[in-house]
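Please open the structure in your viewer and keep the sequence beside it. Each stop below states what to select and what is found there.

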Amino acid sequence: MKLSLTKVVNGCRLGKIKNLGKTGDRTMDIPGCLLYTKTGCAPHLTHHTLHSIHGVPAMAQLTLSSLAEYHEVLTEYKEGVGKFIGMPESLLYCSLHDPVSPCPAGYVTNKSVSVWGVGGRVEMTASKFMAIQQALQPDWFQCLSDGEASCAEASSIKRVRKSVDRSLLFLDHCLRLQEESEDYLSALLSISLDFQKGARSHPRV
């Protein structure tokens with residue numbers, strides 16, 4: 001991946017992210033948009049209609065919460081979720097949660113993060129999470145993280161720091177599992193941290 005900036009004004013950056021995708025020949029504008037999907041399908045659009053629209057974002061957003069329950073099928077399929085949903089040419093980003101469906105608070109521990117699918121709560125440990133990402137084969141995925149502090153209207157500094165500590169611990173575990181995997185997952189990994197006042201003073205942020 002290569003970040004190419006064309007303009008920076010008051011800290012706001014305009015440019016492109018290059019060398020994306022499994023072949024390294026895709027680019028994405030920043031700032032940019034993602035194509036929102038529900039279980040890999042753009043809402044209210046047929047596959048044919050979607051491909052006839054000009055200017056569709058280069059990267060589609062998949063949500064782990066909607067796909068976690070089907071990971072066994074995708075593991076057997078072995079060719080990744082892109083081909084499975086009929087979008088083999090699209091860049092794919094897998095987020096933890098669905099941004100339009102808030103999840104209940106209080107289900108994050110030091111060992112797991114819960115996501116909520118059609119069948120209810122699915123508890124994600126680092127090993128289970130990375131196994132699912134291996135099955136999905138996205139180009140970019142959001143690492144396990146404790147994002148509850150950023151969703152709360154008022155979080156104490158202690159809670160924010162706990163959120164950052166947990167998120168960094170999950171990141172370390174996921175990176176180790178990624179490096180140790182026999183089928184190395186060639187994908188960008190991002191982490192979501194709460195950048196409130198209490199988080200900025202964290203020694204690893």
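The tour visits two groups of strands in turn.

The model is predicted, so local features need pLDDT of at least 70 and side-chain atom pairs count only at pLDDT 80 or more, while totals for chains, interfaces and linings use all residues. Residues are numbered from 1 along each chain as its sequence is written, and side-chain values use heavy atoms, with hydrogens and water left out.

**First stop: an open sheet**

Select residues 2–9, which form strand 1, then 12–20, strand 2, and 26–30, strand 3. Strands here are DSSP runs (E, at least two residues), numbered from the N terminus. The three make an open sheet in the order 1-2-3 with antiparallel pairing; two strands pair if DSSP finds at least two bridges between them. Because strand 1 and strand 3 each have a single partner strand, one side of each is left without a neighbour in the sheet.

Next, look between strand 2 and strand 3, which are joined by four bridges. Select G15 to see I30 of strand 3 opposite.

**Second stop: strand 6**

Now select residues 91–95, strand 6. Are the residues of this strand buried or exposed? Five of the five are buried (under 20% relative accessible area, 1.4 Å probe, protein chains only), so strand 6 is largely enclosed by the rest of the structure. L91, Y93 and S95 lie on one side, L92 and C94 on the other.

Add strand 5 (residues 59–63), which runs parallel to strand 6 and is joined to it by five bridges. T63 has S95 as its bridge partner. Finally, add strand 9 (residues 140–142), also parallel to strand 6, with two bridges; C94 stands opposite F141 there.

Technical notes:
Buried means under 20% relative accessible area, exposed over 50%, partly exposed in between (1.4 Å probe, protein chains only).
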